[in-house]
Amino acid sequence: MKRIFITATNTNIGKTYTTKLLLEEFAFRGIRVGAIKPIETGVASFPLDAQEILTSLKRLNNEFKDIKIDDIAPITYKLPAAPFVASGNAPLDLKLLDDAVEKIEKLCDLLIIEGAGGLYTPIDKDFMMIDLISHFGASALLVTHCSLGCINDTLLSKKALDDKNIKYTVAFNCRENDNDFAITSKDYFLKSNLDVLKVGENIKEICDILLEI
Ligand code: GTP
Ligand code: MG
């Protein structure tokens, strides 16, 4: 069983967008794919990330036909905030997440786990999102952005992953208006020996690396 945790430098960077592209590519290669969004906040009536993921899964893996949204999104909160805040400071129920993962893993050989927010998004008093990666024994994909500030944001998240000895690779989710990336940031990454692989253009290479690490 391969577990890949999708994290990002912040919320709204493109974790769900990237998750869906990865599911497509892995499924295209004949891999039985699965995915879960263990904790989703900002859920008014329905967990939208989990819904997007489940729609993809039902198309890509027949074994998900009877899987319900609660199976993909086992913990949800209404407030659009970090889980620790949104839960009213409740302690994390890890057993609930372990059981949810166990159920989904019966249906797949590769599990994608989408985090919430970034690596130091607090889940409870002493558990951060990054700790969930270690708990699940997953390797990670750090999705970063291409706007000004991406060097600082990317290096901070890389350092956090390095410090916890988590295996990971980085993917850039550049948007249409990120025209300055080549001028302001790209060369820095290349000179620092960090390949600039883009989610939109290099999903195959990103999948290759994720299967190796
Ligand atoms: P949270 O899970 O809420 O923390 O966000 P996220 O990191 O999963 O971001 P998500 O993938 O939901 O992307 C945020 C918004 O930007 C969504 O509306 C996406 O459809 C949109 N989006 C993400 N990536 C791209 C992209 O490359 N191009 C365009 N046009 N839209 C994108
Ligand atoms: Mg998302």
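1. Ala, Val, Leu, Ile, Met, Phe, Trp, Tyr, Cys and Pro are counted here as nonpolar, Asp, Glu, Lys and Arg as charged, and the others, Gly among them, as polar. On that basis, the shell around ligand 1 in this predicted model consists of three nonpolar, six polar and six charged residues.

2. This is a predicted model, in which local features need pLDDT of at least 70 and side-chain atom pairs count only at pLDDT 80 or more, whereas totals for chains, interfaces and linings use all residues. Residues are numbered from 1 along each chain as its sequence is written, chains are lettered from A and ligands numbered from 1 in the order in which they are written, and side-chain values use heavy atoms, with hydrogens and water left out.

3. Three polar contacts (pairs of N or O atoms within 3.5 Å) deserve checking by eye: a polar backbone atom of G14 lies 3.0 Å from an oxygen atom of ligand 1, a polar side-chain atom of D49 is 2.9 Å from a ligand oxygen, and a side-chain N or O atom of N173 is 3.0 Å from a ligand nitrogen.

4. The magnesium ion (ligand 2) has as its protein donors T16 (OG1), D49 (OD) and E114 (OE), at 2.0 to 2.2 Å, where donors are N, O and S atoms within 2.8 Å of the metal (3.2 Å for Na, K and Ca), and sites may look incomplete since water is not among the atoms. Along the chain these donors follow the spacing T-x32-D-x64-E.

Key: Polar contact = N/O pair within 3.5 Å; in protein donor to acceptor, adjacent residues only side chain to side chain.
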